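Subject: Structure for your files

Dear colleague,

Please find the structure below. My notes on what turned up in it follow, one topic at a time.

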Amino acid sequence: MLVTERERLKDDIATWTGTLGKDRTALIPILQEVQRKHGHISDFAMQVVADQLDIHPVEVFSVVSFYSFLNFEPLGRYVIRLCQTISCDMAGKDRVATQLENDLGIEFGETTPDGKFTLQWASCLGMCDQGPALLVNDRVYTKVTPDMVHEILEACRKTFGVYALANKGEGH
Amino acid sequence: MIATHTAPLTFSTIEKDAGLKKALGMKRSDLIAEITASQLKGRGGAGFPTGVKWNLAAAAQAEQKFVVCNADEGEPGTFKDRVILTDHADLVFEGMTIGGYAIGATEGIVYLRAEYTYLRPHLEAVLAARRTKGLLGANVAGKAGFTFDIRIQMGAGAYVCGEETALIESLEGHRGEPRNRPPFPVDTGFLDRPTIVNNVETFAWVASILFKGAEWFKAVGTQRSTGFKLFSVSGDCTKPGVYEFPMGITVARLLEAVGGEGAKAVQIGGASGHCIPATEFGRTIAFEDVSTGGSIIVFGPDRDMLEVAHNFLEFFAEESCGQCTPCRDGNPKLLECVEMLDNGVCSAQYLQDICGLGETMQVASKCGLGQSSPNAFLSIVKHFKGELMGRG
């Protein structure tokens, strides 16, 4: 990690403890901000948060390790979470899963080498009447069919790289 | 997100904030007495009488008390709270405000599951509008001296946090591991202060009951399960979605309404509920018979029940918090047995032993998750044994 990047992370955490507070109750909201902006919660981030909240970093680690929406490892810019619970399973989530793996060239639990996409399983997303369902970051897609997978991925790809320039989108 | 219920819910007939204004004109004890008289029971699944819970919290002595709305709807097959929060968020916040007045709290917290993050901007907008209208903040709705506000805290992806003490642990910034009970949250809750934790639907019914009266609510349903209930229906049926029925409806009647005739079984109460075979479709959905937080999953005639059991146990093995041994180690053993059945290498004796383990988990686990996780497996073994044995 570059020094400048560390400084930025430290500044961010200081800002969040300023708005969210330094009580233990603020721990998860702060970690969610770190996750949202930095894509993961690194050892360094956990140490800084622990210092700010005056708790042991192991306490922070124990919390991060518990929740499935908090991650130690860097995730892709788009995290795709496919619901694997019963109703989506019965509605045909397996074929959607296969197509996602085929189109991205990775398996569930992995991130594409370009760091753009992560594929994860999710427990019930609460879209059981409209399965199979998946989340792309916070956005929900329902009644997903294998042929829709390409469209969903393209919608993501349009926001970065040459596509973004062509579309004058929010390119990075 | 579009609501998927097929008919308008009772909630859409409730005049906004009329119940709150009525409540603020009542004495606290009369208000709680009204809720108690309606015999409203918790709509999240556990079915604890709301009036009793509020009375305990109101009687507790403390400088500060809290109202928590459990919007961590994680039970497989449940999505009614998503629809309520989308279409009737005002009613939920109104119910929370009534709760605040009833027990003497100044702060309300909505614990919203991470999977519903997309709902947050909508909910924040509704809260902001309520503040502008003077329905939140100092002197709520002109009631001198009653201050109450609501904030939203996001969950971070853990099914067990739907259990109220685990939810409180999570709100406090800890791992979502359930606490020993007693003490109960009504006297030792969030930050060790008296706290009422109620389901989204329960709060919406509270506001409705205040507006329409306890008698109106009590006139519907059965003697021991009063009122209406929202059901989340999914699986092998032609019309999945959210439905509202009086408590005490039979499984058969419900299946007819949702286009699920011909089903061979129905899972009532989600993964932690029970699997009811076709021979028992005459049973009623009520706290005294088959109880549910609203999840109804229909299994058609061609559905492989072993696959169903497999899916449920994968879910529990993943979502067990790992704190107590029966649940942490029991669920993987049950899952392993399902895999053995699938491979055709499970003896009848071993299956019987594993069912014994399931029964042990029901009594020895610390919280509702481990106590109820073997339910589906045990009921599938009981009713569909012939389908499970001799594979391979």
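I will start with a helix in chain B and what lies against it. The buried residues of H10(B) pack against six stretches of chain B: strands E5 (228-235), E6 (241-246), E7 (249-250), E8 (265-268), E10 (284-285) and E11 (295-299). Please bear in mind throughout that this is a predicted model.

Helix H10 of chain B covers residues 251-258, and its buried residues are B:Val251, B:Leu254, B:Leu255, B:Ala257 and B:Val258. They span an arc of only 160 degrees around the axis, so they sit on the same side of H10(B). Just after the helix comes B:Gly259, with a positive phi of about 75 degrees.

One residue on the strand side is B:Phe245, which belongs to strand E6 of chain B. B:Phe245 has a relative accessible area of 10% and is therefore buried. Apart from residues up to four places away in sequence, B:Phe245 touches B:Phe228, B:Lys229, B:Phe231, B:Leu254 and B:Ala257. For orientation, the C-alpha atoms of B:Phe245 and B:Gly51 are separated by 22 Å, and the two residues are 194 residues apart along the chain.

Next, the nonpolar cores. The largest has 74 residues, and the members that touch the most others are A:Leu31, A:Tyr67, B:Phe299 and B:Phe377. Helix H11 of chain B (residues 305-319) supplies the largest share of this core, 8 residues. A second, separate core has 62 residues, among them B:Ala207, B:Leu210, B:Phe217 and B:Val242.

B:Phe299 is worth a look in the viewer. Neighbours within four places in sequence left aside, B:Phe299 is in contact with A:Ile86 and A:Met90 of chain A. Its contacts in chain B include B:Asp236, B:Ala263, B:Lys264, B:Ala265, B:Val266 and B:Gln267. Also in contact with B:Phe299 are B:Cys275, B:Met305, B:Val308 and B:Phe312.

Then a helix pair in chain B. How do H2 (residues 28-38) and H3 (residues 50-59) of chain B cross? Their axes come within 7 Å and cross at roughly 155 degrees. Angles over 145 degrees count as roughly antiparallel, and H2(B) and H3(B) are therefore roughly antiparallel to each other. H2(B) brings B:Ile32, B:Ile35 and B:Thr36 to the contact, while H3(B) brings B:Thr50, B:Gly51, B:Val52, B:Trp54, B:Asn55 and B:Ala58.

Of these, B:Ala58 lies in helix H3 of chain B and counts as partly exposed, at 27% relative accessibility. B:Ala58 touches B:Ile32, B:Lys65, B:Ala102 and B:Ile103, residues up to four places away in sequence not being counted. The C-alpha atoms of B:Ala58 and B:Arg28 are 8.6 Å from each other, with their positions 30 residues apart along the chain.

On cysteines: how many disulfides are there over all chains? A search of the whole structure finds 0. The cut-off is a pair of cysteine sulfur atoms within 2.5 Å. For A:Cys83, the closest cysteine sulfur is that of A:Cys88 at 3.7 Å, which is too far for a bond. For A:Cys124, the closest is in A:Cys128, also at 3.7 Å and too far for a bond. A:Cys83 is buried at 3% relative accessibility, and A:Cys124 is buried with a relative accessible area of 3%.

Finally, some backbone details. The peptide bond from B:Arg181 to B:Pro182 is cis, with omega near -5 degrees. Another cis peptide bond, with omega about 0 degrees, joins B:Pro182 and B:Pro183. B:Pro182 is in the loop between helix H7 (164-171) and strand E4 (195-199) of chain B, and B:Pro183 is in the loop between H7 and E4 of chain B.

A:Asp54 is not a glycine but has a positive phi of about 60 degrees. A:Asp54 sits in the loop between helix H3 (43-53) and helix H4 (57-66) of chain A and is exposed, with a relative accessible area of 71%. B:Asn139, not a glycine either, has a positive phi of about 45 degrees. B:Asn139 lies in the loop between helix H6 (120-132) and strand E3 (149-154) of chain B, and is partly exposed at a relative accessible area of 39%.

Regards

Notes
Residues are numbered from 1 along each chain as its sequence is written. Chains are lettered from A and ligands numbered from 1 in the order in which they are written. This is a predicted model: local features need pLDDT of at least 70, side-chain atom pairs count only at pLDDT 80 or more; totals for chains, interfaces and linings use all residues. Side-chain values use heavy atoms; hydrogens and water are left out. Buried means under 20% relative accessible area, exposed over 50%, partly exposed in between (1.4 Å probe, protein chains only). Helices (H or I, at least four residues) and strands (E, at least two) are DSSP runs, numbered from the N terminus. The arc is that of the directions from the helix axis to the C-beta atoms. Contact means heavy atoms within 4.5 Å. A nonpolar core is a set of buried Ala, Val, Leu, Ile, Met, Phe, Trp, Tyr and Cys residues joined through side-chain atoms within 4.5 Å. Axes are lines fitted to C-alpha atoms, for helices over the stretch in contact, and angles run from 0 to 180 degrees between N-to-C directions. Angles under 35 degrees count as roughly parallel, over 145 as roughly antiparallel, 65 to 115 as roughly perpendicular and the rest as oblique.
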